[in-house]
Amino acid sequence: MQVVLNSKFFGSLDIDRLGAKTEALGFDGIDVCVRPGHPVNPGNAATALPSAVAAWKRSGLVCPLATAPVALISPDASQVNSLYQGCAEAGVPRLKIGFFPFKPGEDYWALVDAGRRALEGFARLGQQYGVQTVYQVHSGPVLGSNCAGLMHLLKGQDPRWIAAYPDLGHMVLDGEDYPMGLAMIREYLSIVAVKDAYHAPQPAGSEPPFVPRFVHLGRGAVNWRRALGALKALGFDGAFSVHTEYEFDESIIRQVGYADAMPPKLEEWAQADAAFLRKMWAEVTV
């Protein structure tokens, strides 16, 4: 297994400092967010990403995934080719795109059809550059809010170029059983997002009385032995991306975007998350 750090909250660090911080916190590598304001961004990805990955590789760090802006859902969007080109030249095997949104009153199946057509376009790009496109499970008003919904998008796609990126925290919020959900996406399983979450009680009189909240690993509702056991039973031994989302509540989770606030105890809990995940993985047997 590889445990990598999603760099979303470390965008102020330059390439060398990000690598040093990742290593100091006990991670094997970086899930690099290619986003505005980050050292690797959509405007410079074609050159900056290969340079960054080469620097991290010299330090013994891997980069199994690049994460694009959450609004990137069209294969025809500007700078898409530079993202795939950057991944190809850097040797980054996967690119995570954004989320197809759903609004009340919309025709769900029409949105699924449009999403599938978009993924077919991303598959053509992926085949051209040798880079797999992954779509992340994310609870809330987006297509693919659980593994069942994700398969509406993925079924029949070529898993070499379009693949599943399950998120254990969002799965628990959506109430999906781990062995069943992961069995649905088995053919497409590529990389796993790591978060923990639960439904936190609100002050008396609040509606609803409980809302989702992300916490550091082991403090939420994720059944880690069951989840990791299900992954091991499927033969998964790949990369886990730790997203370091702590004490974020409904407003952050449901916006499916960028958090304005920095999580509390970010480095302390990120380091603890890496150690926790390794320990649980080692202990789980099938």
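Modeller: Let us start with a rule for pairs of helices: angles under 35 degrees count as roughly parallel, over 145 as roughly antiparallel, 65 to 115 as roughly perpendicular, and the rest as oblique. Keep in mind that this is a predicted model.

Biologist: Thanks! Why are helix 1 and helix 2 called oblique to each other?

Modeller: Helix 1, residues 15-24, packs against helix 2, residues 45-58, at an angle of about 40°, and their axes are 10 Å apart. That angle falls in none of the three named ranges, so the pair is oblique. The crossing of these two helices is right-handed.

Biologist: Which residues of helix 1 and helix 2 meet?

Modeller: Helix 1 brings Ile15, Asp16, Leu18 and Gly19, while helix 2 brings Ala52, Ala55 and Trp56. Sorted by class, this contact between helix 1 and helix 2 has five nonpolar residues, one polar and one charged.

Biologist: What makes helix 2 roughly parallel to helix 3?

Modeller: The axes of helix 2 and helix 3 cross at roughly 25° and come within 7 Å. The cut-off for roughly parallel is under 35 degrees, so helix 2 and helix 3 earn that name. Helix 2 also passes helix 3 in a right-handed crossing. On the helix 2 side, the contact is made by Ala45, Ala46, Leu49, Pro50 and Val53; on the helix 3 side, by Ser82, Leu83, Gln85, Gly86, Cys87, Glu89 and Ala90. By class, the contact of helix 2 with helix 3 has eight nonpolar, three polar and one charged residues.

Biologist: How do you know how many disulfides the structure holds?

Modeller: The structure holds zero. A disulfide needs two cysteine sulfur atoms within 2.5 Å. For cysteine 33, the nearest cysteine sulfur belongs to cysteine 63 and lies 10 Å away, which leaves cysteine 33 in no disulfide.

Biologist: Is cysteine 33 buried or exposed, and how do you know?

Modeller: Its relative accessible area is 2%, and buried means under 20%, so cysteine 33 is buried. Cysteine 147 has 0% relative accessibility, so cysteine 147 counts as buried by that cut-off.

Biologist: And what about serine 7: where is its place?

Modeller: Serine 7 sits in the loop between strand 1 (2-6) and helix 1. With 2% relative accessibility, under the 20% limit, serine 7 therefore counts as buried. Setting aside neighbours within four places in sequence, serine 7 is in contact with Leu18, Ile30, Asp31, Val32, Cys33 and His38.

Biologist: What is the phi of glutamine 79?

Modeller: Phi there is about 75°, a positive value, although glutamine 79 is not a glycine. Glutamine 79 belongs to the loop between strand 3 (62-67) and helix 3 (80-90).

Biologist: Why is glutamine 79 called partly exposed?

Modeller: Its relative accessible area is 42%, and partly exposed covers what lies between the 20% and 50% limits, so the name fits glutamine 79. Lysine 265, with 49%, is therefore partly exposed as well. Lysine 265 has a phi near 50°, a positive value in a residue other than glycine, and is found in the loop between helix 9 (250-255) and helix 10 (266-283).

Biologist: One last stop: which peptide bond is cis, with omega near -5°?

Modeller: That is the bond from glutamate 207 to proline 208. You will find proline 208 in the loop between strand 8 (196-201) and strand 9 (210-215).

Notes. Residues numbered from 1 in each chain as written. Predicted model: local features only at pLDDT ≥ 70, side-chain atom pairs only at ≥ 80, totals over all residues. Heavy atoms only, no water. Axes fitted to C-alpha atoms, helices over the stretch in contact; angles between N-to-C directions. Helix = DSSP H or I, 4+ residues; strand = E, 2+ residues; numbered from the N terminus. Left-handed = near helix turned anticlockwise from the far one by under 90°. Contact = heavy atoms within 4.5 Å. Nonpolar A, V, L, I, M, F, W, Y, C, P; charged D, E, K, R; others polar. Buried < 20%, exposed > 50% of the residue type's maximum accessible area, 1.4 Å probe, protein only.
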